[in-house]
Amino acid sequence: MMSIPELFICPISLELFKDPVTLCTGLTYDRSSIQKWLAAGNLTCPVTMQKLDDPITMVPNHTLRHLITQWLQMGTQTQNSNHSDDHCVLETATIDSLASVKHVLKSNEFGFKSKVLALEKITSSPSTDYLLLQLGYLPLLLELVFGLVPEARVLLISEEYYCIKFVELALSCVLMLLPLGVELDSLNMLKEERKLSSFEVLLACGSTFIRINLCRLIEAVSASDSSSSSRRKRLCIVLGKHRGILNQLVQLILHPNDSEEEAADAAIRALSALSSFEENIESLVRNGMVNGLVTYITRTVKRERSLAPLATAIIERLLGVESAREELLNSNSNNGTSGNGIHALVKMVFRVSWSDVEDDHEHHRGSESAVSSLLIVCSDSLSAREEAISAGALTQLLLLMQSQCSSSTKAKARKLLKLLRTKWSQDSKQFISMV
């Protein structure tokens, strides 16, 4: 008789699954077993003890049911043919191997070096991705990364090699599994204060690779499908209101060294994801995002493949808040690292070098966002209009209108030109006839 792979055993009954269903935590149980658990008044996941936000919903795990059916059929074929079925042995060995790796990751008996070696085995075999998901690796890895005990944080801060390597591999695996999951509510554990604190520590003390992947995780959470959009939105709002996490994202943008410019780009993408939720706007402004974005644009606008257009689009979203407009104007008198807010936006209106940019859509979006942002701040501020003119906004706008930009961008550019008209010098009047 073949031994049953751990993947096929219900954690409650410890017997072969008959009707596997997945809860909102991402873990799978036999339907009859979990129904008895819930009927007894339990409102938590039996394995993780995480509170079930939606204890009623049980999603049939068709992938696992299919794997079990295949395994049973191959076992029958092996018995009938009286010889070993290589494919059956291979499948069972793979499942048993993944179960063994999971045991190493869960056990406190193994140190970070052993866990790193275990993770390297599974990350080198992409064909096992769905098995990893069904075996419950996603919630396990999230718990291991964001449930760091104080001792592990000390190792991280002291740059202990295997601790850092473990977190790097675990985060890579999480990002690999996220697109495969239908129900990804195991991400809800990140709303816990202890997990958020670990998130902040990892952003502050982790390697560049860890920081980049944390930013990518924020992106992945925001890129929801319709089935889980409301739950992911709530998580994005929690992340977008956490002062420590936002502060670390700003620091990534403000103070990158040559090897961390990629991390600054990743932080820009993460902020774009967070700013897509209206509930986060005031929190982003309050935590210095305008200053950080202006600094990024000033520093990278001439860089090839810069995300300055995306940063400009984020500024446009933030300017709906009065304090954001004030921060942008105040940056004009800041001679430090933040740069000049109005000047940064004027530079983004049009750049000749953008004709060589691969993503022409990004180029035009940056121009339109810059013009829209200038319209917002110049409408109510005489000093902003004066600053825009001195920064060369008139020339930039005219060049933009002669380019291949969209009709909506040209309409906004024309409106901004008219707004600035009262401050034109006598020599600038010749430009009016060109509008």
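These legends walk through several views of a predicted model, starting with the whole chain and then moving in on a few places.

**View 1. The whole chain is built from 22 helices and three strands.**
Welcome to the overview. The chain has 435 residues, and 52% of them count as buried. Looking at contacts with a separation of 6 or more, 69% are made by residues 24 or more positions apart. The chain exposes about 20,500 Å², and carbon and sulfur atoms supply 52% of that area.

**View 2. Three strands form an open sheet in the order β2-β1-β3.**
The pairing in this sheet is antiparallel. At its edges are β2, residues 28–30, and β3, residues 59–60, each of which pairs on one side only. Strand β1 covers residues 20–22 and is joined to β2 by three bridges. To find one of these places, look for T22, whose bridge partner in β2 is T28. Helix α1, residues 31–39, packs on the sheet and touches β1, β2 and β3. The direction of α1 makes about 95° with that of β2.

**View 3. A salt bridge brings together the side chains of R31 and D19.**
Here the N to O distance is 2.7 Å. R31 belongs to helix α1, while D19 sits in the segment before β1, and the two are 12 residues apart. R31 counts as partly exposed, at 25% relative accessibility. D19 is partly exposed too, with a relative accessible area of 23%. For context, a search of the whole structure finds nine salt bridges, and the next view shows others.

**View 4. R194 and E143 meet in a salt bridge through their side chains.**
The N to O distance for this pair is 3.7 Å. R194 lies in helix α9 (residues 193–205) and E143 in helix α6 (residues 137–146), so the salt bridge ties together parts that are 51 residues apart in sequence. Both partners are partly exposed: R194 has 43% relative accessibility, and E143 has 32%. Now shift your attention to K195, which forms a salt bridge with E192; their closest N and O atoms are 2.8 Å apart. Which of these two partners is buried? It is K195, with a relative accessible area of 2%, whereas E192 counts as partly exposed at 35%. Salt bridges that share partners join E143, E192, R194 and K195 into one network.

**View 5. S275 is a buried residue, with a relative accessible area of 3%.**
You will find S275 in helix α13, which spans residues 261–275. S275 counts as buried because its 3% relative accessible area falls under the 20% cut-off. What does S275 touch, leaving aside its neighbours within four places in sequence? The contacts are I281, L284, I314 and R317. The side chain of S275 also reaches the backbone oxygen of S272, at 3.0 Å. As one more landmark, look for A313: it is 38 residues from S275 in sequence, and the C-alpha atoms of the two are 9.9 Å apart in space.

Terms used. Residues are numbered from 1 along each chain as its sequence is written. This is a predicted model: local features need pLDDT of at least 70, side-chain atom pairs count only at pLDDT 80 or more; totals for chains, interfaces and linings use all residues. Side-chain values use heavy atoms; hydrogens and water are left out. Helices (H or I, at least four residues) and strands (E, at least two) are DSSP runs, numbered from the N terminus. Buried means under 20% relative accessible area, exposed over 50%, partly exposed in between (1.4 Å probe, protein chains only). Contact means heavy atoms within 4.5 Å. Accessible areas come from the Shrake-Rupley method with a 1.4 Å probe; for residues, only the protein chains shown count as cover. A polar contact is a pair of N or O atoms within 3.5 Å; within protein, one must be able to donate a hydrogen and the other to accept it, and residues adjacent in sequence count only if both atoms are side-chain atoms. Two strands pair if DSSP finds at least two bridges between them. Axes are lines fitted to C-alpha atoms, for helices over the stretch in contact, and angles run from 0 to 180 degrees between N-to-C directions. A salt bridge is a side-chain nitrogen of Lys or Arg within 4 Å of a carboxyl oxygen of Asp or Glu.
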